[in-house]
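Hi everyone, thanks for making time this morning. I'd like to walk you through a structure that may be new to you, so please have a look at it with me.

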Protein chains: 2
Amino acid sequence: MRRAVVLLSGGLDSATVAAVAKDEGYAVSALSVRYGQRHAAELDAARAVAEQLGIEDHRIVDIGLGSLGGSALTDAALDVPKNAIGAAGIPITYVPARNTVFLALALGHAEVIGAQDIFFGANALDYSGYPDCRPAFREAFEALANVATKAVDDPSIRYRVLAPLMDLTKAEIIRLGTRLGVDYGQTHSCYDPSGALACGACDSCLLRKKGFEEAGVPDPTRYA
Amino acid sequence: MRRAVVLLSGGLDSATVAAVAKDEGYAVSALSVRYGQRHAAELDAARAVAEQLGIEDHRIVDIGLGSLGGSALTDAALDVPKNAIGAAGIPITYVPARNTVFLALALGHAEVIGAQDIFFGANALDYSGYPDCRPAFREAFEALANVATKAVDDPSIRYRVLAPLMDLTKAEIIRLGTRLGVDYGQTHSCYDPSGALACGACDSCLLRKKGFEEAGVPDPTRYA
């Protein structure tokens with residue numbers, strides 16, 4: 001049985017990717033990262049999603065990314081913007097090099113357990129504009145993976161970085177996950193750490209709401 | 001004044017690289033990583049080196065790399081090999097994706113503080129054979145950095161990953177650092193966590209001893 005490492009944040013996209021990997025027959029090892037995100041409800045969601053999908057190997061790696069600062073997702077001094085989709089530039093919720101760090105961890109884990117396929121939920125259509133969610137990033141990381149590891153000396157090892165949601169709209173992602181049995185009520189997308197419910201107005205909530213509407217799927221999210 | 005991020009492990013190579021960056025006129029921000037290494041004396045050495053070189057901005061990021069296992073440097077169940085230089089293959093002290101993770105952290109830090117140059121002490125001559133210390137790795141990470149970050153949308157940002165020791169012998173590195181005022185008595189190279197003194201027999205100690213001999217520089221290391 002082929003093994004795969006899936007980066008599982010606990011959000012809608014990564015839950016869908018985990019279901020895709022399961023559906024493709026992989027033995028899935030899920031990896032979540034506690035990186036100082038203020039919306040720590042994400043990690044509870046990741047645990048619930050892993051359980052719901054029957055993923056037994058789920059690891060949470062701690063990393064003090066917050067100590068580097070620079071993002072509204074890790075720095076309590078910065079506000080999470082509301083109703084700002086489509087604003088120019090890369091938003092303040094961008095966490096510098098986050099997906100680079102996460103994929104690096106996933107690569108290390110893959111090398112240890114003998115997996116060659118790494119899945120992550122990057123999506124470059126209905127997204128916040130982060131650079132590390134785009135096709136060029138995926139390609140560059142895959143190229144790196146094959147020179148950064150024992151793969152460089154061993155032709156039997158060839159890492160792949162798979163982003164099956166890259167070219168899907170949010171509605172298409174939701175339809176795909178629904179078909180594969182994802183319980184989106186378990187997932188957490190909201191960037192705002194201040195309330196128990198999703199804020200309904202940050203980029204992530206707005207994209208999620210619009211996605212359910214366009215997919216014609218009932219939105220199980222409880223908004224404030 | 002140009003800013004640079006320097007990955008500072010506390011070993012001989014990274015101390016030399018930090019001195020090179022200072023000598024080239026950079027405002028140096030040093031980054032060390034507590035990654036579950038058993039030879040934690042490295043971090044004390046990193047602090048001492050930063051102080052000796054007059055680097056005021058020195059951050060230590062915590063990361064639970066040990067929880068992923070797979071290396072004699074992070075797993076107490078695995079022995080650090082002795083007198084094994086030149087053995088075939090990549091040694092058990094290799095930490096999967098370590099430099100990928102470290103450079104990812106350095107890249108995030110660089111993006112936050114507005115540095116575009118990242119220095120690391122990779123060296124592909126007198127080394128243990130790790131894949132992530134070779135020129136192809138440096139090149140691939142530099143390519144990644146420029147699509148993983150805001151640089152992809154901003155032509156005024158161009159990250160460079162600099163490995164000025166890549167093609168030097170250990171003796172040349174020691175002569176260079178000695179000329180730049182590095183106090184190698186403050187650095188720590190030994191992989192073996194079991195004693196207070198350097199073991200003198202792991203790959204790292206063997207390379208270090210040979211380097212001082214060939215450089216004709218007195219070796220300040222206290223071996224067991």
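I'll start with the sheet in chain A, then move to the helices that lie on it, and end with the contact between the chains. Please keep in mind that this is a predicted model.

So, in what order do the strands of the sheet in chain A come? The order is 3-2-1-4-5, in an open sheet of five strands with parallel pairing. Strand 3, residues 57-62, and strand 5, residues 160-162, sit at the edges of this chain A sheet; each has a single partner strand, so one side of each is left without a neighbour in the sheet. On average, neighbouring strands are turned by 25° against each other, direction ignored.

Let's look at one pair. Strand 1 of chain A, residues 3-7, runs parallel to strand 2 of chain A, residues 27-34, and five bridges join them. Take L7(A): its bridge partner in strand 2 of chain A is L31(A).

Now the helices. Helix 2 of chain A, residues 41-52, packs on the sheet and touches strand 2 and strand 3 of chain A. Its direction makes about 170° with that of strand 2 of chain A. Helix 3 of chain A, residues 98-113, lies across strands 1, 2, 3, 4 and 5 of chain A, at about 140° to strand 2 of chain A.

Finally, the two chains together. Here 36 residues of chain B are in contact with 36 residues of chain A. Which element gives the largest share of chain B's side? That is helix 3 of chain B, with nine residues. By type, chain B's side divides into 22 nonpolar, eight polar and six charged residues.

Note on methods:
Residues are numbered from 1 along each chain as its sequence is written. Chains are lettered from A and ligands numbered from 1 in the order in which they are written. This is a predicted model: local features need pLDDT of at least 70, side-chain atom pairs count only at pLDDT 80 or more; totals for chains, interfaces and linings use all residues. Two strands pair if DSSP finds at least two bridges between them. Helices (H or I, at least four residues) and strands (E, at least two) are DSSP runs, numbered from the N terminus. Axes are lines fitted to C-alpha atoms, for helices over the stretch in contact, and angles run from 0 to 180 degrees between N-to-C directions. Two residues are in contact if their C-beta atoms, placed from the backbone, lie within 7 Å. Ala, Val, Leu, Ile, Met, Phe, Trp, Tyr, Cys and Pro count as nonpolar, Asp, Glu, Lys and Arg as charged, and the others, Gly among them, as polar.
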